[in-house]
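Welcome! Here are a few exercises to work through with the structure open beside you, each followed by a solution in steps.

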Amino acid sequence: MGVTYKMESLEIIQIGGSRVKEKLRSEFKNTRARTGNGWVTGATETAIDYSINNLRGYLNDITIEISWQIWQALINADGKEARAWYSPNRQYKPKDTESELIEYLKAYKWIPDKSGNFQFPRDMTEETLHENFVYDDSNGLLSAIGFGEKAQNNNIEQTIVEEWMLNNGGCTIDDYKIFLDLKGRGLLPRPELSPFPKDPQLVNLERRTEQLIKQYNLAPRKKYPKKSISTRSTKGTIDKSTYLINKYKNERGQLICQICKCPMPFKKRNDVEYYFEAVEAFSRKYFSREYEAQYLALCPECAARYNEFVIKDEENMALFNKAILTSQTPEIPLKLGDWSTSVRFIKTHFYDIKTILGFPPEEN
Ligand SMILES: [Zn+2]
């Protein structure tokens, strides 16, 4: 039932540069003319753009006939028509952007599918294309208008899904979609993507104990002003922050939380140091002096949980104390409410805190 095309064929032509000038002018904002607020333009201004005469009018009133004419013009062009160029004068290299032709053809439903319905280029594929239309992207203009983009993206997604399923045997696409959805909404548990800081080459432990005993005995006793149990006057006398930063920075320079093992969530206003909380692991009952090794490096959330479920819960604190004293490894299981997690230490820190906890209690 052939279709006849009587209208004059449509051509892609070079058009006036006002659109591209408008679009790219701001990119040259550092090149304002020295004289007042004008532009140094004139004879050497470059403004090249491409389109089809009355293209928007055609697209607003699309028929299969017009669509076919546009299609022919598109696949027979030489390809340069995808970009528009602008430079205010010869001094500057022209900058480029999408041509009017591409901008309009992307924005309208103008390509007929097999049933004659007009679709956006991105929603089409070679397979769904109307039978009178020949797919030919040798000049790249069909790609430039995004033809087939959606299907391509779906394919990429499909490939990712399949690969993921291969590596996570037995998981269905639906499982994966749920996973993607949770991920998109930030609801997945934070994975341990950042390496935990490395232990230093292990030091001479005998010597370390000797030094620790010496230092600890020199460390200030915790003092509380009379009549107040909440304010401790000696708290600022040691540099626990530096101590913890030195221990819990990983090889990527990220400061890692000892409980969730994730990088601290944000940096301070200086944009250099991470914000974190140095939380004293035990109460005065266990630590009677001010000493750096008694502190944990925690992110704000873990610090809050630790405070709620350990500091305020003597029983849990006693359990944690016992666990440290009896553990051979520097990762100590810990329950924070419903959350069964652990506190992980750098070996030297673990050694120090364990040693201090083993000292006989002092009379206050
Ligand atoms: Zn944390």
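A residue is called buried if 20 or more other C-beta atoms lie within 10 Å of its own. Keep in mind that this is a predicted model.

**Exercise 1.** Find which residues of helix 12 are buried, and work out why they lie on the same side of the helix.

*Solution.*
Step 1: Locate helix 12, which covers residues 347-358. Its 12 residues reach 16 Å from the first C-alpha to the last, close to the 16 Å expected at 1.5 Å a residue.
Step 2: Pick out the buried residues of helix 12: His349, Phe350, Asp352, Ile353 and Ile356.
Step 3: These residues cover an arc of only 165 degrees around the axis, so they sit on the same side of helix 12. A general rule helps here: an α-helix has 3.6 residues a turn, so residues three or four places apart point the same way.
Step 4: Look at what covers the buried residues of helix 12; the cover includes helix 8 (205-218), helix 9 (240-248) and helix 11 (314-326).

**Exercise 2.** Describe the largest nonpolar core and say which elements give two or more residues to it.

*Solution.*
Step 1: The largest nonpolar core has 33 residues, and Cys257, Ala297 and Leu298 have the most contacts inside it.
Step 2: Two or more residues each come from helix 9, strand 8 (295-298), helix 10 (300-311), helix 11, strand 9 (331-336) and helix 12. Strand 8 gives the largest share, 4 residues.
Step 3: Zoom in on Ala297: leaving aside residues up to four places away in sequence, Ala297 touches Leu244, Tyr248, Leu255, Cys257, Gln258, Phe276 and Ala278.
Step 4: Apart from this core lies another, of 19 residues, including Ile52 and Leu142.

**Exercise 3.** Trace the open sheet of 4 strands and explain why strand 1 and strand 4 each have one side without a neighbour in the sheet.

*Solution.*
Step 1: The strand order is 1-2-3-4, with antiparallel pairing. Strand 1 and strand 4 (95-98) stand at the edges with a single partner strand each, so one side of each has no neighbour in the sheet. From one strand to the next, the twist averages 30 degrees.
Step 2: Check the pairs. Strand 1 (residues 13-15) joins strand 2 through 3 bridges, with Gln14 partnered by Tyr50. Strand 2 and strand 3 (residues 83-87) also share 3 bridges, and Ile48 stands opposite Trp85. Between strand 3 and strand 4 there are 4 bridges, with Trp85 opposite Asp96.
Step 3: Finally, find helix 4 (residues 100-107), which packs on the sheet and touches strand 1, strand 2, strand 3 and strand 4.

How values were computed
Residues numbered from 1 in each chain as written. Predicted model: local features only at pLDDT ≥ 70, side-chain atom pairs only at ≥ 80, totals over all residues. Expected span 1.5 Å × (residues − 1). Buried ≥ 20, exposed ≤ 12 C-beta atoms within 10 Å, placed from the backbone. Arc of directions from axis to C-beta. Contact = placed C-beta atoms within 7 Å. Core = buried A, V, L, I, M, F, W, Y, C linked by C-beta atoms within 7 Å. Pairing = 2+ DSSP bridges. Axes fitted to C-alpha atoms, helices over the stretch in contact; angles between N-to-C directions.
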